[in-house]
Amino acid sequence: MPSSSEAPPPAGPLDTTPKSGPRRFLSGSVGRNLGLVVALLLLVIVGAVTAPDTFLTVSNTLTILRQASILGVVAIGMTLVITAGGIDLSVGSVLGLASVVATLAAIQDLADQLHWIVMIVMALLVGVAAGLINGIVIAYGRVVAFMATLAMLIAARGLAEVLAERRTLQVRDRELINFLNADLIGVDMLIWIFAIVAVLGWVILNRTTFGRRTVAIGGNREAARLAGINVKRHTMWLYAISGLCAGIAAIMYLGRTTAGTSTHGTLLELDAIAAVVVGGTLLVGGRGTVTGTVFGVLIFTTLTNVFVQNNLNSSIQAVVKGVIIVVAVLLQQRFAKPTGRAT
C-alpha cells in the first residue's frame, strides 16, 4: 500500500552546552539566597550610614520585623500558589473582609459570652472559605486564576464595606489585644506568628508530599495529572491555604490597629507577589522558595524603613521598589528555569 505519511521534520540540535561555574552557582538555591542576603546587607549598611543613631538599634530592628510580619504571612501562602503556577489577587480584600467579620457586633457579643478565640476562629473561617471558593472556581470551573481571584478581590472588598457599613469596627476585648501585642522573651507576638507560619510553609513545601506535588503541578500540570496527582483537588487546597494565611494576617491587623475595617490589606497582594518574585519563586511555577520569600519581605520592609529614617519621598521609594522587581524578573529569565525544586 502506498504510504501517505510525511516524514517528521528533523529535530533541532539539543542544547547540551554545560552552564559555566558562576551561572550554575547563581541559578542554584545557595546562589539565589546568597544574592538576597547580600542585597539585604547592602540596605542595612545604607541605613547604618545614613541614620547611624537610630537604624541599628534593637527597637528599630524589632520595628522592621513587626512591619514585615503581616506581609510575610500573606507572602508565604502566595509562595505556595505561585509555585504551582497560580496567582491570588484577592488576599488583601479577603484580609479586610476577615477583619470586619471578626469585629462585627454579633461576633464580639458571642466572644464576650465564650472567649475571644471566637473572633480568631471567625477570621480564619472567612479566609479559608474565600480561598476554597477561589480554588473551586479555578480548579473545577476552569476559570483563569487571574480572573477568578480578581473577581474575589472586588467581591470581598464590597462585602466588607456592606457588613461594616463603611465604618471602622473597634475591638472591645482588651484580652485579645493584649495577647496579640504581648512580648515573648522580648519579641513581639506578631513576629512569632510570622516565624511559625514561615517554618510551617518551609516544611510543607520541602518536606511533605503535598509540597512535592505543588512543585510538580507548577512544573508541568499535565505530567502531574498523568502521574496520578489529583491536580484539581490539590489546586483547591492551595488556594484554601492562601486564604488561611490572609485570615491569620487579618488577626494580626486586629492586634496592630485594634480595629476591623474594609480598607485593611489594600494593595497588600501586590506587595506579597513582589516579595515572592524577588525571593526567587518563578512566576511560571515549578520552583518555589519560602526562604527566599522571607528575604524578599525583609528587603522591602528594610527599604521602607531606610526611607522613613531619612525622611525621603515615598514616591522615590515606589520607583526603587519597581526597579528591584524588574531586576529580579530579569535575573530569573537569565539564570532560572523551572527545575522542579523547592527551597
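Arg166 is exposed, with a relative accessible area of 67%; here buried means under 20% relative accessible area, exposed over 50% and partly exposed in between, taken with a 1.4 Å probe and protein chains only. The residue sits in the loop between H7 and E1. Its phi is near 60 degrees, a positive value in a residue other than glycine. Most residues other than glycine have a negative phi.

This is a predicted model, in which local features need pLDDT of at least 70 and side-chain atom pairs count only at pLDDT 80 or more, while totals for chains, interfaces and linings use all residues. Residues are numbered from 1 along each chain as its sequence is written, and side-chain values use heavy atoms, with hydrogens and water left out.

## Overall composition

The protein has 15 helices and six strands. These elements are DSSP runs numbered from the N terminus, helices being H or I with at least four residues and strands E with at least two. Of the 343 residues in the protein, 47% are buried. The protein exposes about 16900 Å², and carbon and sulfur atoms supply 67% of that area; accessible areas come from the Shrake-Rupley method with a 1.4 Å probe, and for residues only the protein chains shown count as cover. Among contacts in the protein with a separation of 6 or more, 79% are between residues 24 or more positions apart, a contact being heavy atoms within 4.5 Å.

## Salt bridges and positive phi

Side chains of opposite charge can pair when their charged atoms come close. The structure holds six salt bridges, each defined as a side-chain nitrogen of Lys or Arg within 4 Å of a carboxyl oxygen of Asp or Glu. Three of them are tabulated here.

| Salt bridge | Closest N to O |
|---|---|
| Asp109 and Arg172 | 2.7 Å |
| Arg172 and Asp112 | 3.0 Å |
| Glu161 and Arg166 | 3.3 Å |

Asp109, Asp112 and Arg172 are linked in a network of salt bridges. Asp109 and Arg172 meet through their side chains in one of these bridges. Asp109 belongs to helix H5 (residues 105-113) and Arg172 to the loop between strand E1 (169-170) and helix H8 (174-180), so this pair ties together parts that are 63 residues apart in sequence. Arg172 also forms a salt bridge with Asp112. Because Asp112 is in helix H5 and Arg172 in the loop between E1 and H8, that pair ties together parts 60 residues apart in sequence. The members of the network are partly exposed: Asp109 has a relative accessible area of 39%, Arg172 one of 42% and Asp112 one of 47%.

Arg166 has Glu161 as its salt-bridge partner. Glu161 counts as partly exposed at 24% relative accessibility, whereas Arg166 counts as exposed.

Arg142 also has a positive phi, of about 55 degrees, although it is not a glycine. The loop that holds Arg142 runs between helix H6 (117-139) and helix H7 (145-164). Arg142 is exposed, with a relative accessible area of 69%.

## Packing around H9

Helix H9 (residues 189-207) packs against helix H14 (residues 290-309) at an angle of about 150 degrees, with the axes 9 Å apart. That makes H9 roughly antiparallel to H14. Axes are lines fitted to C-alpha atoms, for helices over the stretch in contact, and angles run from 0 to 180 degrees between N-to-C directions. Angles under 35 degrees count as roughly parallel, over 145 as roughly antiparallel, 65 to 115 as roughly perpendicular and the rest as oblique.

On the H9 side the contact uses Phe194, Ala198, Gly201, Trp202 and Leu205, which meet Val290, Thr291 and Val294 in H14. These residues divide into six nonpolar, two polar and no charged. Ala, Val, Leu, Ile, Met, Phe, Trp, Tyr, Cys and Pro count as nonpolar, Asp, Glu, Lys and Arg as charged, and the others, Gly among them, as polar.

H9 also meets helix H10 (residues 209-219), where the axes come within 5 Å and cross at roughly 70 degrees. H9 is therefore roughly perpendicular to H10. Ile204, Leu205 and Arg207 of H9 make this contact with Phe210, Gly211, Arg212 and Val215 of H10. By class, the contact has four nonpolar, one polar and two charged residues.

Thr289 lies in the loop between strand E5 (287-288) and H14. Thr289 is buried, with a relative accessible area of 1%. Leaving aside neighbours within four places in sequence, Thr289 is in contact with Asn33, Thr79, Leu205, Gly279, Gly280, Thr281 and Thr343.
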